[in-house]
Amino acid sequence: FDPSLFVNLKKERNHTPNTAQEAATRQFESEYKDQTELYEAGVGWLSRKGTEWKVDFSYDRHSSTVVDRFRQDSNEHTSGLKINVRQPLSRGKGELATQIKISLAKIEKKVSFDEYRKALMDLVGLAISNYWNLYGAQQLARSWDESLFLATKQLADARLRVKSGKASKVHLLELQVAVSQRKIELDSIRSKIAQLHNQIFGLLSVSAIENKDILFELRDLPEVEKTPIPDLELSYQLALRNWPEIQISKGRQKIEILKHQYAMKQVLPRIDMVANLSSNSLDFSASRSLGQFASGGFLSHFVGVEYSVAFDKTSLKQNLKMAELRLKQADLQIDSLTRTLYNSLLDKIETLSLSKSQMLEYKKALRLRRKLLSISKERMEYGKIGLRDHLEEQEKLIGHQRKNLSGIVDLKLSEATVQKAMGTLLSRFEVEVEELGNQDKLYDDGPLSFEDSDG
């Protein structure tokens, strides 16, 4: 749509023999000579409605053997201004025809941006999973480490008691088995922690080998009671506005709508209204020629209609049918997503609510298990129960703790899944994605954070 400037400079010289017919019109000269200098400049532009404009000014200095014979001066000076207009009346008319590429590029850019947001949400979801899995693994490692410490201490005491004859070897073997089992469990948990460390290093795009001495200390603790359960209707409205899958599908639907409208236009015949207005002058003096041109002494114009149509429209009609099919597919995808979104949100919110209730019960049961372990320890110290019974109670606590920590991971993933469906996952963790021109800025200073072992 921006005006384009054009400048033409041309110098032409001809020297040809005259035919008999040409000689009769040129005073029976045997040869003909002429020399022309042409200077032309102008601007052309296309309006958003499809109107083509072209305005150009020309100056022509001409000399020839005919001019020498019939004119006092050896040169003729011609000046002129032309205005040409072409207005499409069917195909090519309107902003659809003139801005189709620009409109498609804008929509495709928005679709790419929504795909970028979707990829970021997937990345944040993976970070959440790794974060809380690491939290659970570290908690289990501490519990098994405490249990191993207690069993190892009891094993050392049992060895002294066996030597002094105060305990049986069977008791010693039972303790050795208990220590061995706890070492196996602890090694398994430490292996899982190392795997999660490597996955987190991968998310941070840093080398796990170069940073193998770094141990992550998690700063955030699960607060089950504060886990919000969103309202279904509000969540549905948020999802319709923010969910990247919906936005991507809507963008693709807009692309297919534009392509379909454009394909419908291409089947039509081409009907253009054309018009021209020109002012001309001729003189032996360049200055007088320009003066006559400016006064508009010689005006010419024409107005007409041009019509053209393709004899074979098979290709155009096939393109139109393909555009109709792609548009129907885009409509069906939007309809399917919209229909399933509500049920999907209902399922996710119910799962989140049940996970929260389950975790609250796990928390109560875990508190009771700790009390039972404390009572078991006191009874063992007073000799009312043996070490084996106490270790079994400790194993029960760790087993319950394992379920509790697994439930925490499920709860946090359920919460993230709901927020992802609503399209609010990035804002929840203060990850701001801002579209600026052709660049996107990413700010990440969210609450889900790690510290290394040095703080």
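Me: Buried means under 20% relative accessible area, exposed over 50%, and partly exposed in between (1.4 Å probe, protein chains only). Why is Lys-110 called partly exposed?

Reply: Lys-110 has a relative accessibility of 37%, and that value falls between the cut-offs of 20% and 50%, so Lys-110 counts as partly exposed. Before we go on, this is a predicted model, in which local features need pLDDT of at least 70 and side-chain atom pairs count only at pLDDT 80 or more, while totals for chains, interfaces and linings use all residues. Residues are numbered from 1 along each chain as its sequence is written, and side-chain values use heavy atoms, with hydrogens and water left out.

Me: What makes Lys-110 and Asp-114 a salt bridge?

Reply: The term asks for a side-chain nitrogen of Lys or Arg within 4 Å of a carboxyl oxygen of Asp or Glu. In this pair the closest N and O atoms are 2.8 Å apart, so the condition is met. Lys-110 and Asp-114 sit 4 residues apart in helix 3 (residues 95-163), a separation of about one helical turn. Helices here are DSSP runs (H or I, at least four residues), as are strands (E, at least two), numbered from the N terminus. Asp-114 has a relative accessible area of 2%, which makes this residue buried.

Me: How many salt bridges does the structure hold?

Reply: There are 20. One of them joins Arg-61 to Glu-37, with the closest N and O atoms 2.6 Å apart. Arg-61 belongs to strand 3 (residues 52-64) and Glu-37 to strand 2 (residues 31-46), so this pair ties together parts that are 24 residues apart in sequence. At 31%, Arg-61 is partly exposed, whereas Glu-37 has 11% and counts as buried.

Me: Why do Glu-306 and Arg-86 tie together parts that are 220 residues apart in sequence?

Reply: Their side chains meet in a salt bridge (2.7 Å, N to O). Glu-306 is in strand 7 (residues 298-308) and Arg-86 is in strand 4 (residues 76-88), so the link spans those 220 residues. Both residues are also part of a salt-bridge network with Arg-270 and Asp-272.

Me: What makes helix 6 and helix 8 roughly antiparallel?

Reply: The axes of helix 6 (residues 244-267) and helix 8 (residues 314-381) come within 8 Å and cross at roughly 160 degrees. Axes are lines fitted to C-alpha atoms, for helices over the stretch in contact, with angles from 0 to 180 degrees between N-to-C directions. Angles under 35 degrees count as roughly parallel, over 145 as roughly antiparallel, 65 to 115 as roughly perpendicular and the rest as oblique. The crossing angle is over 145, and therefore the two helices are roughly antiparallel.

Me: How do you know which label, buried or exposed, fits Lys-49?

Reply: Lys-49 has a relative accessible area of 52%, which is over 50%, so the label is exposed. Lys-49 lies in the loop between strand 2 and strand 3. Its contacts (heavy atoms within 4.5 Å), leaving aside neighbours within four places in sequence, include Gln-87, Gly-92 and Thr-98. The C-alpha atoms of Lys-49 and Gln-87 are separated by 8.6 Å, and the two residues are 38 apart along the chain.

Me: Why is Gln-419 called buried?

Reply: Gln-419 has a relative accessible area of 9%, and that is under 20%, so Gln-419 is buried. Gln-419 is found in helix 9 (residues 387-422). Not counting residues up to four places away in sequence, Gln-419 touches Thr-424, Leu-425, Arg-428 and Phe-429.
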